[in-house]
Structure formats: C-alpha cells, structure tokens
Amino acid sequence: MKILYIDHHAALPSSGGDCRAVQLAQGWQQCGDTVTIVAAGEGSRTPCGDMEETHAEGVTFCRLSAPPPGRGVGGSRKSMQVFLKKLYVSAPALAERYRPELVIAAGGYPYDFFCAQRTAKLAGAKTVFELREPWPEWQRERYAEDDSRLNRCIADYAMGYALRNADLTVSFLPRGEDYCRDRGQQPARLITLPAPAPPAAQPRPLGEDDAAAIHALREKYPTLIAYAGPLTARRLPVLLAGAVGRMGEQGVAAVIAGNGGYKQLLRRTVRENGWENVLLTDGMTEGRQRTLYQAADLLYYGDDRRCDARYGGYAPFLLRLMQNGKPILTATHGSENAALRAGAALSADATQQGVEQALERFLAMTGEEKAALGAAADEALQTTHAAGQVARDYRSALLRLWV
C-alpha cells in the first residue's frame with residue numbers, strides 16, 4: 001500500500017515527543033508498504049521549505065513549514081491554521097507526487113480530515129481518521145473563557161464530519177465507540193487500538209548535585225516517589241507535593257523534576273510549609289529521568305483533564321512511565337488509563353486527599369504486591385502496547401477497506 005500519513009506534530013523517537021507516526025510507518029514499511037509522513041517543519045531542527053522531503057529513522061517526511069505553537073489558545077491556533085492552509089493548498093501536489101492509496105488524518109484535531117479527504121479524492125484513495133482525543137470537549141475545557149461559541153460550533157461540526165465521512169475511523173481512545181455513540185455518529189468502520197509504547201530511553205547518570213540530593217533524601221526517607229516532566233497545572237504536581245509533605249513522619253519523600261512557570265508556585269509552597277521531604281530539581285533528559293525512576297519506589301502521574309473521565313485518554317507520557325517496571329500512582333478524573341487497565345497502578349482522585357489515601361494504601365502493601373504492579377506494567381508493554389503488534393493490527397484494518 002502507498003500511505004500518506006498526516007500528523008502535524010509527528011516527532012522522532014530521539015526528540016522525546018509523540019513518535020506514534022514514525023513507529024507505525026516503520027511497522028508498515030516492514031510489511032512492504034510505502035509510507036510518507038506529512039508534518040510541520042517545526043519538528044525539524046533546521047528550517048525547511050514547503051513540500052521539502054527529509055529522511056530520518058528510515059522514514060520519509062514531507063515538511064510544511066509552520067510556526068511552533070505558543071502558549072494559550074492564540075499560539076496553538078495560529079500554528080494549526082498555517083499548517084492546515086498549506087496542507088489544503090498542497091493537496092494536488094501531494095496527490096501527484098505520492099499517489100497514495102490511503103490518506104490518514106492523524107493530527108489529533110478533526111480539521112485535517114478535510115485536507116486528507118481533498119488529497120484522497122484527487123488520488124482516488126481511501127480516507128482514515130484517527131480519533132485520539134475528544135477534541136471539541138477538550139478545547140472547551142482548556143479554553144473555557146477564551147473560546148468563542150463560533151469556534152465551538154466549528155469544532156463540533158468538524159469532528160462529526162470526520163467521523164461520518166472517513167472510510168475507516170481508528171480510535172486510540174479506549175472507549176471511542178462510546179464517544180461516537182454519545183455524539184450521535186456512526187462511522188462507516190471503527191476499530192479501537194491501544195496506543196503503541198514509545199521506545200525506551202537509555203538511562204543516563206544524574207547530575208552530581210541531583211544525585212547527591214536524592215541520595216541524602218533516600219537515606220532519611222525509606223519510601224521515595226518520583227515525578228519528572230512538565231511542571232504545569234495540568235500534571236497536578238502540587239497534589240503530590242502537598243500529600244507527601246504531610247507524610248514525612250511516615251518515611252515518605254518525593255522528587256519532582258521539571259521546569260516551567262508552575263515551578264515557582266511549587267517552590268514557594270514547599271518553602272512556606274517547610275517540607276524537607278519534597279525535593280524540586282531542574283528538568284531532566286529522558287535518560288536521566290529513567291535513572292531517577294529506577295531509584296524510586298513509586299512513580300506519579302497526574303492529569304486534570306475531565307473530558308478523559310468517560311472515554312479514557314491517549315497518554316504516551318504514561319506509557320513512558322510504565323517502561324520503568326515500577327508501581328504508578330495515577331491522579332486523574334476517572335479510571336480509564338493504560339496503567340490502571342494493565343493492573344499496574346493505584347488510582348487516586350485528583351485531590352490532595354485522594355493522593356494521600358492512595359499513598360496510605362501503597363505503604364500498606366507487601367513487597368510482593370508492589371513488585372506485581374511493576375511486572376504488570378512490563379507485561380502490558382510487551383503485549384497490549386507493543387508497537388509492532390499495534391502496527392500490524394492497524395494494517396489489517398486498512399487492508400479490509402478493499403474487502
């Protein structure tokens with residue numbers, strides 16, 4: 001098959017972003033398919049012109065230059081609008097150059113399906129729409145005050161149109177079928193797949209100062225919890241800091257590694273409360289994060305998205321945590337996530353009290369019970385979320401479009 005895979009933010013495994021597009025392309029190419037990923041030029045380290053081909057990780061990219069998304073609704077929408085305009089205008093050239101048999105809209109938002117459909121019609125190809133998140137609902141939640149009624153209506157229309165008109169809908173939402181039903185849509189064909197696990201980073205030594213501080217913390221507190229990643233309100237690091245800060249006498253400590261504006265709030269909160277068992281460090285590379293996770297007893301994952309409570313979420317970040325073979329505490333709204341489905345995590349309400357209660361349950365567990373959680377994570381990654389198997393299952397659904 002000749003496949004044109006459209007993903008605005010497609011990233012290489014080495015970049016630490018969402019590398020699903022590259023993993024699927026690699027899996028399909030091993031089966032003899034020809035795959036080209038259409039992505040924004042922001043994903044490359046050097047500036048590129050429109051329709052410029054690049055090659056990396058054995059995969060062909062066709063780049064369309066677009067500004068990187070900035071903070072807030074304005075920056076994200078500007079990047080998306082520039083990319084979509086160029087994608088729509090470039091449809092004839094894409095159809096002529098690559099002559100695809102399948103065009104997949106996989107950017108995460110529904111608007112790219114219009115461009116995918118235009119390209120597919122010009123090439124006589126089938127269309128596929130990837131459902132990775134409830135986009136209209138997430139935008140309303142994320143930009144409750146900034147989003148206009150018109151934008152909401154447009155988002156709802158675009159999602160409905162994509163679900164109705166795609167020859168195949170591939171859902172990475174655990175309960176994508178329920179989402180379509182709740183929206184009153186019945187896709188022509190729908191398949192639900194687990195998200196592929198990203199490649200695991202190789203552990204790298206911690207910086208000397210971080211290693212010494214973590215060692216000192218570990219000597220004083222027997223139970224160490226780790227979070228490393230973006231320090232934003234969405235990831236709820238303040239719940240971890242608050243819960244652990246109150247549990248110092250129970251031998252619990254936390255390392256929170258990351259950067260961002262939210263870090264100032266965390267630092268002030270830790271200082272004002274005198275929590276000596278909460279250590280804040282600078283952001284770490286993925287290799288150093290792996291080393292930190294391996295030194296911890298429990299890993300923390302927080303997400304304040306309420307729209308994921310019913311349908312589940314697409315969470316490559318959570319899959320990266322599962323690669324460490326350690327128990328995970330998930331503080332989320334709802335219980336639909338990869339770690340909980342695998343039996344590899346403790347669930348906590350997205351409140352400080354909920355996190356405290358989950359930590360109490362963890363402390364009461366035996367060593368065998370804790371090890372079983374980590375083993376369950378390993379098992380899920382090797383079976384359910386194995387990238388090669390996900391690519392093969394995805395490809396089987398693609399082949400059935402001609403049956």
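# Close-up views of the predicted model

**View 1. Salt bridges of Asp 156 with Arg 140 and Arg 183.** Arg 140 has a relative accessible area of 26% and therefore counts as partly exposed. The coordinates shown here and in the other views belong to a predicted model. Asp 156 is likewise assigned to the partly exposed class, its relative accessible area being 26%. A salt bridge joins Arg 140 to Asp 156, with 3.1 Å between the closest N and O atoms. This pair connects distant parts of the chain, since Arg 140 belongs to helix 5 (residues 135-142) and Asp 156 to helix 6 (residues 149-165), with their positions 16 residues apart in sequence. Asp 156 also forms a salt bridge with Arg 183, where the closest N and O atoms are 3.4 Å apart. Here the link runs from helix 6, which holds Asp 156, to the loop between helix 7 (176-182) and strand 8 (190-192), which holds Arg 183; the two residues are 27 residues apart. Across the structure, the count of salt bridges comes to 26.

**View 2. Surroundings of Arg 234 and its salt bridge with Asp 303.** Arg 234 is located in the loop between strand 9 (223-228) and helix 9 (237-245). Leaving aside residues up to four places away in sequence, Arg 234 is in contact with Trp 138, Gly 302, Asp 303, Asp 304 and Arg 305. The C-alpha atom of Arg 234 lies 9.7 Å from that of Arg 142, although 92 residues separate the two along the chain. The side chains of Arg 234 and Asp 303 form a salt bridge with an N to O distance of 3.1 Å. Asp 303 is part of strand 12 (residues 298-303) while Arg 234 is in the loop between strand 9 and helix 9, so the pair ties together parts that are 69 residues apart in sequence. The two partners fall into separate accessibility classes: Arg 234 is partly exposed, at 29% relative accessible area, whereas Asp 303 is buried, at 5%. Elsewhere, salt bridges with shared partners connect Asp 7, Asp 18, Arg 20, Glu 130 and Arg 132 in one network.

**View 3. Trp 28 and the largest nonpolar core.** The largest nonpolar core comprises 97 residues, and those with the most contacts inside it are Trp 28, Ile 37, Tyr 300, Tyr 394 and Leu 398. Strand 10 (residues 252-257) makes the greatest contribution to this core, supplying 6 residues. When residues up to four places away in sequence are not counted, Trp 28 touches Ile 3, Tyr 5, Asp 33, Val 35, Ile 104, Ala 391, Tyr 394, Arg 395 and Leu 398. A second core, separate from this one, has 37 residues, including Leu 64, Phe 129, Trp 135 and Tyr 179. In soluble globular proteins, nonpolar side chains tend to be buried together.

**View 4. Helix 16 and the elements that cover its buried residues.** Helix 16 spans residues 367-382, 16 residues in total, and measures 23 Å from its first C-alpha to its last, close to the expected 22 Å. Its buried residues are Leu 373, Gly 374, Ala 376, Ala 377, Ala 380 and Leu 381. Viewed down the axis of helix 16, these buried residues fall within an arc of 145 degrees and therefore line one face of the helix. Helix 13 (316-322) and strand 14 (345-348) are among the elements covering the buried residues of helix 16. Exposed residues Glu 368 and Gln 382 are carried on the face turned away from the buried side of helix 16.

**View 5. Helix 4 and the glycine that follows.** Helix 4 runs over residues 112-123; its 12 residues reach 17 Å between the first and last C-alpha atoms, close to the 16 Å expected. Buried positions in helix 4 are Asp 112, Phe 113, Cys 115, Ala 116, Gln 117, Thr 119 and Ala 120. Just after helix 4, Gly 124 adopts a positive phi of about 65 degrees.

**View 6. Cys 180 and Cys 62 in a structure without disulfides.** A search of the whole structure returns 0 disulfides. For Cys 180, the closest cysteine sulfur is that of Cys 307, and at 15 Å the two sulfurs are too far apart for a bond. Cys 180 is buried, because its relative accessible area is 1%. Cys 62 is also counted as buried, given its relative accessibility of 0%.

Key. Residues numbered from 1 in each chain as written. Predicted model: local features only at pLDDT ≥ 70, side-chain atom pairs only at ≥ 80, totals over all residues. Heavy atoms only, no water. Disulfide = S-S within 2.5 Å. Buried < 20%, exposed > 50% of the residue type's maximum accessible area, 1.4 Å probe, protein only. Helix = DSSP H or I, 4+ residues; strand = E, 2+ residues; numbered from the N terminus. Expected span 1.5 Å × (residues − 1). Core = buried A, V, L, I, M, F, W, Y, C linked by side-chain atoms within 4.5 Å. Contact = heavy atoms within 4.5 Å. Arc of directions from axis to C-beta. Salt bridge = Lys/Arg side-chain N within 4 Å of Asp/Glu carboxyl O.
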